[in-house]
Amino acid sequence: MTLPAALYDRDIDMAPLAGCQLALVGYGNHGRSHALNLRDSGVSGVMVALRAGSPSRAKAQADGFEVVDLDEAAARVDYLSILAADEAHGAIWTDHIKPNRKAGQGLIFCHGFSVEYGLIDAPDDCDLILAAAKGPGGAVRDSYERGGGLTGFWAVERNASGRAEEIAKAYLKALGCGRAGIFKTSFREEALADILGEQAVLVGGMCALARQGYETLVGAGISPLMAYIDTVHELKYIADLIHTRGIAGMYAAISDTAEFGAHGVEGRIAEAVRPVFDEVVTDVTSGDFARRWVADFEQDRASLLRARAKAGEHELEATGRYLRKALGLE
Ligand SMILES: NC(=O)c1ccc[n+]([C@@H]2O[C@H](COP(=O)([O-])OP(=O)(O)OC[C@H]3O[C@@H](n4cnc5c(N)ncnc54)[C@H](OP(=O)(O)O)[C@@H]3O)[C@@H](O)[C@H]2O)c1
């Protein structure tokens with residue numbers, strides 16, 4: 001197995017960004033962190049572009065940024081960094097950027113979703129750059145302020161300007177990623193890895209296992225509180241061990257009883273879920289997932305809100321609240 005070599009701050013020139021006018025579309029978790037890190041890294045004149053009536057306008061202005069509307073940003077700057085919700089990228093592109101864009105303007109993304117799954121039909125003169133600091137937006141700022149950074153991944157889908165690669169690397173360096181390591185990827189790789197990871201493992205997979213474990217134990221006559229502690233609450237301790245030591249390191253740190261039993265069951269669970277994982281890959285790479293999600297977004301997220309309400313009604317939520325209250329966690 002060959003792992004890719006990292007680039008660090010010393011390998012990357014910031015000059016390509018120096019002459020660029022840059023606007024960040026969105027001022028949520030990533031938008032705010034990008035704006036503050038770029039400015040603190042010496043990138044001047046960063047603007048924030050927001051939709052009409054945006055609740056983030058006052059915050060961006062209080063942080064000292066010039067705030068412009070989406071049409072104006074499209075008409076003025078050399079690069080737009082699209083840090084708005086992925087499902088809105090198609091509408092932002094069609095309604096605001098495409099009809100107003102300055103010739104040769106490039107787009108920077110921090111997730112491959114909208115380019116990979118066809119939400120944006122950018123013309124030939126448009127750089128398409130991925131500059132992804134891998135992690136939640138708040139961590140982009142927190143790690144930077146502590147003198148570190150998140151791992152960065154860059155890709156260029158289209159290099160119309162001839163300098164897209166340099167812009168991508170300089171942008172990630174300004175976010176602080178050059179302190180942790182910057183790697184090359186592709187839009188396809190980043191999009192699929194991110195989405196499969198969250199759907200099948202980190203969010204959907206983990207919640208399904210935890211709920212199934214809870215229901216199985218309660219069905220076997222175990223008290224809800226005990227079932228909750230052993231299938232949901234203790235997830236954090238295992239996740240922390242995996243985060244700091246890896247899976248093998250976690251196994252080495254738990255009891256031999258737990259390890260012996262888990263090795264015996266892990267293979268059967270993997271066998272059972274492999275077909276589902278394969279279906280997720282097909283669903284995502286075909287663009288079907290993106291089409292369903294954008295369609296739901298356009299129907300005021302009706303399906304998402306129904307699923308969210310149903311999840312909140314599960315009995316284990318009441319058990320969890322009871323436990324967290326007893327522990328002083330809420
Ligand atoms: N690389 C990674 O590991 C990673 C991790 C997490 C997220 N991301 C990516 O980061 C991007 C932003 O995520 P986030 O976590 O920062 O989201 P967030 O905190 O929810 O912020 C979303 C921003 O999008 C704006 N927005 C939503 N709909 C819009 C519309 N129709 N028109 C204009 N602006 C709109 C919101 O504007 P208002 O302020 O006006 O409401 C808000 O400022 C996404 O592409 C996401 O996939 C990447």
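**Exercise 1. Backbone and exposure between α14 and α15**

In this predicted model, classify Arg-301 as buried, partly exposed or exposed, and then describe the loop position and the phi angle of Arg-301 and of Asp-300.

*Solution.* Arg-301 has a relative accessibility of 32% and therefore counts as partly exposed, since that class lies between the limits of 20% and 50%. Arg-301 is found in the loop between α14 and α15, and its phi is near 60°, a positive value in a residue other than glycine. Asp-300 is placed in that loop as well, between α14 (288-298) and α15 (302-312), and its phi is likewise positive, near 60°. As background, most residues other than glycine have a negative phi. Asp-300 has a relative accessible area of 64% and is therefore exposed.

**Exercise 2. Helix α2 and His-34**

Determine how the axes of helix α2 and helix α8 cross, which residues make the contact, and what surrounds His-34.

*Solution.* The axes of α2 (residues 29-40) and α8 (residues 164-175) come within 7 Å and cross at roughly 95°; because angles of 65 to 115 degrees count as roughly perpendicular, α2 is roughly perpendicular to α8. On the α2 side the contact is made by His-34, Asn-37 and Leu-38, and on the α8 side by Tyr-171, Ala-174 and Leu-175.

His-34, which lies in helix α2, has 0% relative accessibility and so counts as buried. Leaving aside residues up to four places away in sequence, His-34 touches Leu-24, Ser-81, Leu-83, Cys-110, Val-140, Tyr-171 and Leu-175. The C-alpha atoms of His-34 and Val-46, which are 12 residues apart along the chain, are separated by 9.8 Å.

**Exercise 3. Cysteines**

State how many disulfides the model holds, and examine Cys-110 and Cys-126 in turn.

*Solution.* A disulfide requires a pair of cysteine sulfur atoms within 2.5 Å, and by this rule the count comes to zero. For Cys-110, which is in no disulfide, the nearest cysteine sulfur is that of Cys-177, 10 Å away. With a relative accessible area of 18%, Cys-110 is buried, because the limit for that class is under 20%. Cys-126 is also in no disulfide, the nearest cysteine sulfur being that of Cys-20 at 13 Å, and Cys-126 is buried with a relative accessible area of 0%.

**Exercise 4. Nonpolar cores and domains**

Identify which members of the largest nonpolar core touch the most other members, trace which parts of the chain supply this core, and describe how domain 1 and domain 2 are placed.

*Solution.* The largest nonpolar core has 41 residues, of which Val-25, Leu-80, Ile-97, Leu-107, Phe-109, Phe-113 and Tyr-117 touch the most other members. Helix α9 (residues 187-202) gives the largest share of this core, six residues, and at least three residues are drawn from each of domain 1 and domain 2. Taking Ile-97 as an example, and not counting residues up to four places away in sequence, its contacts are Ala-74, Leu-80, Ile-82, Ile-92, Gln-105 and Leu-107. A second, separate core of 36 residues includes Ile-12, Leu-22, Ala-133 and Ile-182.

The protein chain is divided into domain 1 (9-186) and domain 2 (194-326), whose C-alpha centres lie 32 Å apart. Seven residues of domain 1 are in contact with 10 residues of domain 2.

Notes. Residues are numbered from 1 along each chain as its sequence is written. This is a predicted model: local features need pLDDT of at least 70, side-chain atom pairs count only at pLDDT 80 or more; totals for chains, interfaces and linings use all residues. Side-chain values use heavy atoms; hydrogens and water are left out. Buried means under 20% relative accessible area, exposed over 50%, partly exposed in between (1.4 Å probe, protein chains only). A nonpolar core is a set of buried Ala, Val, Leu, Ile, Met, Phe, Trp, Tyr and Cys residues joined through side-chain atoms within 4.5 Å. Helices (H or I, at least four residues) and strands (E, at least two) are DSSP runs, numbered from the N terminus. Domain bounds come from an automatic or database domain assignment. Contact means heavy atoms within 4.5 Å. Axes are lines fitted to C-alpha atoms, for helices over the stretch in contact, and angles run from 0 to 180 degrees between N-to-C directions. Angles under 35 degrees count as roughly parallel, over 145 as roughly antiparallel, 65 to 115 as roughly perpendicular and the rest as oblique.
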